[in-house]
Structure formats: C-alpha cells, structure tokens
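Visitor: Please take a close look at the aromatic side chains of this model and how they are arranged.

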Amino acid sequence: EMLESTDKTDEFIGWLEESNIPHPATATLLPLLKAYHTSRGEKWEDTSHNHKLAFLLGSWEQRVYWWEVFEVIRRLLLSGVLVLFGPGSTVQSAMSILICLASIKAYSLYAPFREDEDDYLQEVTQWQLFMVL
C-alpha cells in the first residue's frame, strides 16, 4: 500500500536516507525502493502521454488517475440532473450549491492536477461557479 502512494513512498525514502540505520536490510532496501519508485513514475509518464486515451490521463497525477470519472459525474450532476428538480426552484438551487461545495472540497483535498498552479486555478474557478449560483 505504501509503495502505491507517491507521497508516502517519497516520505519513506527520505526517512530511510536520514535515519542512517546501520542494518544490512536498509542498505539493500533503499536502492531497490528507489529503483522501483522511479520505474513506476516513468511508466506513468509514458502511459499518461503516449496512450491512445492519454487525453483522459494527461492532466492528473498518478495517485488520482481516476479523477476524470469524478469530473464527468460532477458535470452531469450540474447540467443534467438539476433539470429534474424543476427550473428555478429552491431545491434546484440548493442542490447545485451542495454539488459545488462538495466539488470544491474534493478539489482542495485531492489537488489532482500535476501542476500546483493548475490546482489553484481550478479551485478559483470552482469558487467562481459557486458565486454565480
């Protein structure tokens, strides 16, 4: 589980390097862990840029490769499902506000984009959408 999370793996490698534990397992584990972690990162870069579905994966970090599914559901909820509540009704407004707040929280919590500037811009646009509603 730890090896699948990029952030936790980086933390663990840093801890191993800083701790200088005089144990043979550390001397063996550290180079293997670094090689594995590097190869996974390179594989993700290759897959997310060269695959025929790269347009779905290219913007997201590896830990949130599934984020496009969340984004599609969010868009469907804001455009298609709100029609079911009646145009201009209080329930429709309340549901749209709840959907916006949930997506703002999700974007803030996961920060799914590869670049931090993109995460910040997405949060600003989510707040802008909330203010329009």
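Guide: What follows is a walk through the aromatic pairs around one residue.

This is a predicted model, in which local features need pLDDT of at least 70 and side-chain atom pairs count only at pLDDT 80 or more, while totals for chains, interfaces and linings use all residues. Residues are numbered from 1 along each chain as its sequence is written, and side-chain values use heavy atoms, with hydrogens and water left out.

A pair of aromatic rings is described by the distance of the centres and the angle of the planes. Here rings of Phe, Tyr and Trp (its six-membered ring) pair if their centres lie within 6.5 Å; planes under 30 degrees apart count as stacked, over 60 as edge-to-face and the rest as tilted. The count by this rule is 9 aromatic pairs. In one of them, the ring centres of tryptophan 67 and phenylalanine 70 are 4.5 Å apart and the planes stand at 40 degrees, so this pair is tilted. The two residues, tryptophan 67 and phenylalanine 70, are 3 apart in helix H4, and therefore about one helical turn separates them; helices are DSSP runs (H or I, at least four residues), numbered from the N terminus. Phenylalanine 70 has a relative accessible area of 24% and is therefore partly exposed (buried means under 20%, exposed over 50%, partly exposed in between, with a 1.4 Å probe and protein chains only).

Tryptophan 67 also pairs with tyrosine 107, edge-to-face, at 5.1 Å centre to centre and 75 degrees between the planes. This pair links distant parts of the chain, with tryptophan 67 in helix H4 and tyrosine 107 in helix H5, 40 residues apart. Tryptophan 67 and tyrosine 107 are both buried. One aromatic cluster comprises Trp60, Trp66, Trp67, Phe70, Tyr107, Tyr110 and Phe113.
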